[in-house]
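Work through the following exercises with the model open beside you, and attempt each task before reading its solution.

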Amino acid sequence: MGKSYLDMELLRFTTAGSVDDGKSTLIGRLLFDSKSIFEDQLDHVASSSKKRGLEHTDLALLTDGLKDEREQGITIDVAYRYFATPKRKFIIADTPGHIQYTRNMVTGASTANLALILIDARKGIVEQTCRHSFIASLLQIPHIVVCINKMDLVDHSEEAFEKIKADYEDFAAKLEVKDIRFIPISALNGDNVVNKSENMPWYNGATLLNTLETIHIASDYNHIDGRFPVQTVLRPKSDKYHDYRGYAGRIAGGIFKKGDEITVLPSGFTSKVKQIHLMEEEIEEAFAPMSIAMTLEDDIDIGRGDMIVRTGNQPTVSQDVDVMLCWFSPQGPQVRSKYTLFHCSNEVKTMVNNIHYKLDINTLQRNTEFDNISLNDIIKVSLRTTKPIMNDSYRKNRSTGSIILVDESTNETVAAGMVV
Amino acid sequence: MMKYNLTHLKELESEAIYVIREVFAQFEKPGILFSGGKDSIVVTHLARKAFWPAKIPFPLVHIDTGHNFPETIEFRNNLAEKIGAELIAPSVQDSIDKGRVKEETGKDASRNWLQITTLLDAIEEYQFDALMGGARRDEEKARAKERFFSHRDDFGQWDPKNQRPELWNIYNGKKSFGEHFRVFPISNWTEMDVWQYILAENIEIPSLYIAHKRDVIWRNNSWLPMSEYIQLREGEEVNNRQVRFRTLGDITITGGLESDADTIEKIIGEVAAARQTERGNRADDKRSETAMEDRKKEGYF
C-alpha cells in the first residue's frame, strides 16, 4: 500500500445542508464505509445519542464537537472531516445550510474543488438547493455533484430523478459551473453511494464514491499564468550561503522554470529565474500550488508583497478593483468606509468607492435599491487601494483574484471578495 | 497534464510551509510549541524546509511538566542542538513553587491542566505573539473546529463560537496588544499523513513510538508506563511488555499499546488497521465529553 498511498491525490469538497436532508447519514456512510470512523468514536456517539434520548445513533455528533453544537443539536461552524480510499484522499468541509450560515458556506467553498449538493427526491429543488449552488458558482468550484437522495421514498423512480435533474439544469443555466453531475442515491440504504444500486437498474452512471475518486482535478489549478507572490526573503548570511538571496512563497498560478524571463511587480524590474529550491533539493520547474524558494540572476530589491510574474503574461496592476463581496459582519459597509485589505502577501488600506448592488442569494436578482448591508449579504463594490495590487479576475485565478477585508478597529475579518 | 499535479502529501506539505512562512512574516515574536511528540517534530521539520538555507527562525517552546518520559527530554535537547534552535522550557514545577498553581490531588491527579498557567505565563514573559503547534483537526472533535490562525484574547482564551472565518489561503493575523495567536500548520493532516510523511522524509522520532520492552501497568484499558510518579493501586502489578505509544503526553497519562511494530513501515500498517482513535489512550481527554474544548478555551494547546 505504501507506494500507492504516496501517489494519491487530494480532493477537497464541500457539503451544505439542513438537519433532515440526509447529509449526516451520507457523510457517516462515506466515513464508515472507508473505515474512517473508529470504534471508540462510534461508542462515544452511541452513548451521547442515548443520553440525548435518541433512538438511533446520530452521526452528526461525530463532528458537532463544540459544547453548544452538541447541546443545541446544530452545526454552527465549518467541520472538517477526513477520509481516504486506496485511490484518493478527501477533505470534507461540512457546513450548515441555513441562510444565516452563508458565511460558513462561503468559507467551506473557498478551498473546495467540488461541491456536493443534496436534494430530497420527495421535495425536489428548494430554496436551500439554489443557495448552495449559487455559492458554489460564485466561489468558482469547478465541479458540482448533485445527489438526489431518498430515492427509496419515491420507489426508486427514474421519472422522479429525471424531473429533478431537468429542473436543476434549468436553474443551473444561470450558474457558472463547468461540470455538473447527477446521481440518484439512498444514503440510508447505501444505494449508489459506494455500491451500485440494484434498485435502480436504469441508472448507468458512476456511484458517488467512484465519482469522487475519479473526477479529473489535475487541471483545477491555473497552470497558465505565472504568478509568484513573495512571502518573505531568505538571507542565511552563513559562510556557505553568503550571497544567497531566495524569495520564498507559494506559486499562485502557472509554471516557473529555470531561465524563465520574469518581471517583478509593481516595480517592473526584469530578470531570469536562476534556481528553484525546496530545501536542499534543486528543482527544474515548479507549479501551483507548490511552496518553493526562488533565486534570480540579478540583484533586485524585492520584498514581501511583491509579485514575480512571467514577463510575457502579467496581471492587472491597479489601485481600483471591482469585487463581489460576501459580508460577514452585522455592521455593513458604506461608501467611504475604510478597511485593511489582504491580497496574496499584500496588506493595504482600502476605501469603498461605490456600492453597485446587493444580490438576492435565492433569486440571483440584482437590487440596486437596498436599505442596509449586513451579515451574509452579497454585494458588488468598487474599491480604491492605497497601493496597487497585482490581481487577476477570480474566474481566471482563485488565488490572485481573492481578497479579504479586515475591520481596522476590531481586527475581525468582515468580508471575502472575488475580483470581477 | 498529470505531470503538473501534486500528490496529497506534497500538497499538504506545501500548505503547511506556506502557513509557517506567513507566521514569520506577520508576527514579531513567534515560537514553536514543541511537545516532543511526532506532530510537533513534523512542524519543526517543515519549518526547517520553509527557511532553508537560513536557520529556523523560531525558538522551540517546551512546557516542561516535570512528568516527562526521559526519552522525550533527550530527544528534545538533541534536536534543538542539531538544528541550532533556541530552546525555551518553562517549568510547571516553577509555577507550583511560585504558588501560581496548586498540584492536583486524588487518584487521577495529573499536571495536564496546570500546564495552561505555565504556558500563558511564558507567553507573557517572552512576549510571544504567535505559537505554532502540531494539533490536527482529525485528532479530536474540538480541534476539528480550529482555524489555521486561531485567535486568543488577552487572557489567552479561545472563543470557539466567534472565530474569524478563514478563506482561501489568506490568513488574518491582526490583533490587539496582549492578544496572541495559536497557529496549526498541519491542521489538515491525518495521523496517517504524519506517519507517511515521517517515512517519506526520513524524519527522526523518539524511540517511544517504536515497539520496545518496558515496565507497564494495566490501567484504564491501556498499558501505563511505570515511573516514579505512579503509585500502584490495589490489584495492579508491574508487567514487562513490548509496547509502543501512539501519542506522547506526560508519562503519567499516556497509555501504550502492545505492539511488535519496530519500523515506521510496520507502524503505518498498524495505523491503517487501527480501530481505535489515536488519543483513545489519553487520560486527559477522558475527563468529560468536552474535555478538550474546556481546556482549549482556557488556553491549552
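**Exercise 1.** Are helix 1 of chain B and helix 2 of chain B roughly parallel or roughly perpendicular to each other?

*Solution.* The model is a predicted one, in which local features need pLDDT of at least 70, side-chain atom pairs count only at pLDDT 80 or more, and totals for chains, interfaces and linings use all residues. Residues are numbered from 1 along each chain as its sequence is written, chains are lettered from A and ligands numbered from 1 in the order in which they are written, and side-chain values use heavy atoms, with hydrogens and water left out.

Begin with the geometry: helix 1 (residues 8–26) and helix 2 (residues 38–51) of chain B pack at about 75°, and their axes are 9 Å apart. Helices here are DSSP runs of H or I with at least four residues, strands are runs of E with at least two, and both are numbered from the N terminus. Axes are lines fitted to C-alpha atoms, for helices over the stretch in contact, and angles run from 0 to 180 degrees between N-to-C directions. Angles under 35 degrees count as roughly parallel, over 145 as roughly antiparallel, 65 to 115 as roughly perpendicular and the rest as oblique. The two helices of chain B are therefore roughly perpendicular.

**Exercise 2.** Identify the cis peptide bonds at P289(A) and P53(B), and place each proline in its chain.

*Solution.* In chain A, the bond joining A288(A) and P289(A) is cis, with omega about 0°, and P289(A) sits in the loop between strand 14 (285–287) and strand 15 (291–296). In chain B, the bond from W52(B) to P53(B) is cis with omega near 5°, and P53(B) belongs to the loop between helix 2 and strand 2 (60–61).

**Exercise 3.** Is N192(A) buried or exposed, and is Q127(B) buried or exposed?

*Solution.* Consider the backbone before the accessibility: N192(A), although not a glycine, has a positive phi of about 60°, and it lies in the loop between strand 6 (179–184) and helix 8 (208–214) of chain A. Q127(B), also not a glycine, has a positive phi of about 60°, and its loop runs between helix 5 (114–126) and strand 4 (130–132) of chain B.

Then apply the cut-offs, by which buried means under 20% relative accessible area, exposed over 50%, and partly exposed in between, with a 1.4 Å probe and protein chains only. N192(A), at 1% relative accessibility, counts as buried, whereas Q127(B), at 52%, is exposed.
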